[in-house]
Amino acid sequence: MDEFNSRIDAKRKVLQIVNSSESFTEELMDLSSKSINRWQLNNEIEKDSLITKKLRLIANDLFFLSNISQQQISDNYILKSKEINEHIRELYQIVSQEFG
């Protein structure tokens, strides 16, 4: 259950970081590919922008974590969780510097 909560907390943190900026006309509602596409299009952000790439990376990593079996949770899960936390810190810097 802790693994599930940490994924949900990470997702919430990402959404909070992005939606804290007043630079965007539309909030990011989810980390699905369709939601990111809609957000990027409606906010007129380039597809290859740093923020879009970072969001997709985080979304893919969270999806990876959700598909790890119980047997693999130990090392792979911990490593990927640390990577996600680092990506979230980088996302915060991107939003603060480019859209703050």
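Helices (H or I, at least four residues) are DSSP runs, numbered from the N terminus. With that in mind, the overall architecture of this predicted model can be read quite easily. The protein has four helices and zero strands, and its elements follow one another from the N terminus as α-α-α-α. Among the 100 residues of the protein, 39% count as buried. The surface that the protein exposes comes to about 6700 Å², and carbon and sulfur atoms supply 48% of it. Contacts across the chain also deserve a glance: of those between residues at least 6 apart in sequence, 49% join residues at least 24 apart.

A good place to start exploring is the empty space in the model. Rolling a probe the size of a water molecule over the atoms shows where empty space is left. The largest pocket holds about 200 Å³ of space. Its lining is made up of 11 residues, and Lys11, Ala59, Leu62, Phe63 and Ser66 are the ones that lie nearest the centre. Two helices, α1 (2–19) and α3 (50–66), each supply at least two residues of this lining. By chemical character, the lining of the largest pocket divides into six nonpolar, two polar and three charged residues.

Charged residues come next. Side chains of opposite charge can pair when their charged atoms come close. The structure holds seven salt bridges, and three of them are followed here one by one.

In one of these pairs, Glu26 forms a salt bridge with Arg38, and the closest N and O atoms are 2.8 Å apart. This pair links distant parts of the chain, since Glu26 sits in the loop between α1 and α2 (33–42) while Arg38 belongs to helix α2, 12 residues apart. The two partners differ in how much surface they show: Glu26 is buried because its relative accessible area of 18% falls under the 20% limit, whereas Arg38 counts as exposed because its value of 52% is over 50%.

A further salt bridge joins Asp61 and Lys80, with 3.5 Å between the closest N and O atoms. Asp61 lies in helix α3 and Lys80 in helix α4 (residues 73–99), so the pair ties together parts that are 19 residues apart in sequence. Asp61 counts as buried, at 7% relative accessibility, and Lys80 is buried as well, with a relative accessible area of 18%.

The third example stays within a single helix. Arg89 and Glu86 form a salt bridge in which the closest N and O atoms are 3.1 Å apart. Because they are three residues apart in helix α4, about one helical turn separates Arg89 from Glu86. Arg89 counts as partly exposed at 48% relative accessibility, and Glu86 counts as partly exposed at 34%. Elsewhere, Asp61, Lys80 and Glu83 are joined into one network by salt bridges that share partners.

Finally, Gln40 offers a close look at the surroundings of one residue. Gln40 is found in helix α2 and, at 8% relative accessibility, counts as buried. Which residues is Gln40 in contact with, leaving aside its neighbours within four places in sequence? The contacts of Gln40 are Ile45, Glu46, Lys47, Thr52 and Arg56.

Technical notes. Residues are numbered from 1 along each chain as its sequence is written. This is a predicted model: local features need pLDDT of at least 70, side-chain atom pairs count only at pLDDT 80 or more; totals for chains, interfaces and linings use all residues. Side-chain values use heavy atoms; hydrogens and water are left out. On a 1 Å grid over the protein atoms alone, a cavity is a set of points where a 1.4 Å probe fits but cannot get out, and a pocket is an open set with protein on both sides within 12 Å along at least five of seven lines; lining residues have an atom within 4 Å of a point. Grid points are joined across faces, edges and corners, and a volume is the space filled by probe spheres set on the points. Ala, Val, Leu, Ile, Met, Phe, Trp, Tyr, Cys and Pro count as nonpolar, Asp, Glu, Lys and Arg as charged, and the others, Gly among them, as polar. Buried means under 20% relative accessible area, exposed over 50%, partly exposed in between (1.4 Å probe, protein chains only). Contact means heavy atoms within 4.5 Å. Accessible areas come from the Shrake-Rupley method with a 1.4 Å probe; for residues, only the protein chains shown count as cover. A salt bridge is a side-chain nitrogen of Lys or Arg within 4 Å of a carboxyl oxygen of Asp or Glu.
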